Amino acid sequence: MNQKIHLENTNVSLYIKREDLLHPRISGNKFRKLKYNLAQAKSESKQTLLTFGGAFSNHILAVAAAGKEQGFKTIGIIRGEELQDKISENPTLQKAQDFGMVFEFVGRSIYREKSNPEFIQQLTEKFGDFYLIPEGGTNDLAVKGCEEILTKTDKKFDYICCAVGTGGTISGLINCSKNGQQVLGFPALKGDFLREDICKFVRKSNWNLIEDYHFAGYAKVSDELIVFINEFYQKHKVPLDPIYTGKMMFGVMDLIDKNYFPENSKILVIHTGGLQGIAGMNILLKQKNQLQINVYD
């Protein structure tokens with residue numbers, strides 16, 4: 001569903017593709033990324049899914065929910081040994097555990113070995129045979145799933161915008177974009193490494209990364225961002241998360257104000273979900289006596 005966002009004092013048109021409404025527990029790009037990975041796991045007769053993620057990972061919860069729904073055992077390798085005794089204080093991990101996910105908490109130095117074959121072998125020896133899904137879910141099959149986000153009716157748009165984490169979603173959007181369309185990614189992380197990662201999956205050059213709206217880095221937020229998210233919901237009734245879609249939408253609206261887009265441009269923004277992370281972020285904000293996110297009536 002493409003929802004129109006009513007703008008004032010501009011002839012640019014803006015729509016949001018509500019991928020967050022795809023599934024009650026596996027929303028947005030996580031649904032797309034897991035679709036063909038789950039099919040592949042079944043074709044290989046795998047009974048267990050193993051993946052990686054942080055404390056409030058959308059991906060971790062999505063894999064746990066998908067495993068519960070489709071009959072897989074699930075294992076989450078979680079960054080941060082200090083979280084082991086705090087599952088009940090973490091809405092994401094608690095829900096994933098409720099869905100049946102088994103956790104292995106590791107230190108950050110060990111976690112950085114997540115792509116090391118020797119480390120994967122150690123996990124195999126400990127947990128047995130499993131189907132490996134990388135952190136964030138991005139691989140060739142994930143990109144294939146994300147190539148299905150755009151439909152035939154979306155060819156009328158001049159710009160396709162999305163948040164960028166590991167690069168899988170934007171890669172799929174680039175591959176399925178039409179001639180004349182420009183794909184803009186808004187990274188949630190600092191650093192230019194994403195361009196190289198995206199180039200591994202794409203065959204076109206009609207894309208760019210807008211790196212001015214990460215708000216100091218991954219999972220970093222400010223009162224300005226929170227005020228924007230809250231006001232956007234009050235005005236348009238579209239909830240945004242503070243890690244990905246909130247920053248992306250802040251960037252899109254700011255670029256519209258700065259006349260970045262040519263007159264009469266038609267813009268489609270992809271809502272990639274991630275709303276489950278709001279509860280965890282609000283816990284952290286409350287501990288710091290900061291403004292909290294309020295996107296539910």
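The exercises below work through the fold, two sheets, one histidine and a group of aromatic rings in a predicted model.

**Exercise 1. Overall build**

Task: State how many helices and strands the protein chain has, and decide how its radius of gyration relates to the globule rule.

Solution:
- Step 1. The secondary structure of the protein chain consists of 11 helices and 10 strands.
- Step 2. The radius of gyration is 19 Å, and the globule rule gives 19 Å for 297 residues, so the chain is as compact as a globular protein of that length.
- Step 3. The C-alpha trace spans about 60 × 45 × 35 Å along its principal axes.
- Step 4. Of the 297 residues, 56% count as buried.
- Step 5. Among contacts with a separation of 6 or more, 73% are between residues 24 or more positions apart.
- Step 6. The accessible surface comes to about 14,100 Å², and carbon and sulfur atoms hold 47% of it.

**Exercise 2. The sheet of 6 strands**

Task: Give the strand order of the open sheet of 6 strands, find its edges, and place the helices H7 and H10 against its strands.

Solution:
- Step 1. The order is S1-S2-S10-S7-S8-S9, and the pairing is mixed.
- Step 2. Strand S1 (2-5) and strand S9 (207-209) each have a single partner strand, so they are the edges and one side of each has no neighbour in the sheet.
- Step 3. On average, neighbouring strands of this sheet are turned by 25 degrees against each other, direction ignored.
- Step 4. Inside the sheet, S7 (residues 159-164) pairs with S10 (residues 266-271) in the parallel sense over 3 bridges. Cys161 has Val269 in S10 as its bridge partner.
- Step 5. Helix H10 (residues 245-257) packs on the sheet and touches strand S2 (13-18), S7, S8 and S10. The direction of H10 makes about 165 degrees with that of S10.
- Step 6. Helix H7 (residues 168-176) lies across S7, strand S8 (182-187), S9 and S10, and runs at about 175 degrees to S8.

**Exercise 3. A histidine in S10**

Task: Decide whether His271 is buried or exposed, and list what it touches.

Solution:
- Step 1. His271 lies in strand S10.
- Step 2. The relative accessibility of His271 is 1%, and buried means under 20%. His271 therefore counts as buried.
- Step 3. Leaving aside residues up to four places away in sequence, His271 touches Ile16, Lys17, Arg18, Glu19, Asp20, Gly28, Val238, Pro239, Leu240 and Thr245.

**Exercise 4. The sheet of 4 strands**

Task: Work out the order and the edges of the open sheet of 4 strands, then describe the helices H2 and H5 that contact its strands.

Solution:
- Step 1. The strands follow the order S5-S4-S3-S6, with parallel pairing.
- Step 2. Strand S5 (102-106) and strand S6 (131-132) are at the edges; each has a single partner strand, so one side of each is left without a neighbour in the sheet.
- Step 3. S4 (residues 73-79) pairs with S5 in the parallel sense over 5 bridges. Here Ile75 stands opposite Val102 in S5.
- Step 4. Helix H2 (residues 58-70) packs on the sheet, where it touches strand S3 (48-53) and S4. The direction of H2 makes about 165 degrees with that of S3.
- Step 5. Helix H5 (residues 117-127) lies across S3, S4, S5 and S6, at about 135 degrees to S3.

**Exercise 5. Rings around Phe250**

Task: Classify the aromatic pairs that Phe250 forms with Tyr213 and with Phe215, and say where the partners sit in the chain.

Solution:
- Step 1. The structure holds 12 aromatic pairs.
- Step 2. Tyr213 and Phe250 are 6.2 Å apart, centre to centre, with 55 degrees between the planes, and the pair is tilted. Tyr213 is in the loop between S9 and helix H9 (223-236), and Phe250 is in helix H10, 37 residues apart.
- Step 3. The ring centres of Phe215 and Phe250 lie 5.1 Å apart with planes at 80 degrees, so this pair is edge-to-face. Phe215 is in the loop between S9 and H9, 35 residues apart from Phe250.
- Step 4. Buried applies to Tyr213 at 8% relative accessible area, to Phe250 at 14% relative accessibility and to Phe215 at 16%.
- Step 5. Ring pairs link Phe250, Tyr213 and Phe215 with Phe186, Phe228 and Phe232 into a cluster.

Definitions and conventions
Residues numbered from 1 in each chain as written. Predicted model: local features only at pLDDT ≥ 70, side-chain atom pairs only at ≥ 80, totals over all residues. Heavy atoms only, no water. Pairing = 2+ DSSP bridges. Helix = DSSP H or I, 4+ residues; strand = E, 2+ residues; numbered from the N terminus. Axes fitted to C-alpha atoms, helices over the stretch in contact; angles between N-to-C directions. Contact = heavy atoms within 4.5 Å. Rg over C-alpha atoms; globule rule 2.2 N^0.38 Å. Buried < 20%, exposed > 50% of the residue type's maximum accessible area, 1.4 Å probe, protein only. Areas by Shrake-Rupley, 256 points an atom, 1.4 Å probe, with all protein chains shown as cover. Phe/Tyr/Trp six-rings, centres within 6.5 Å; stacked < 30°, edge-to-face > 60°.
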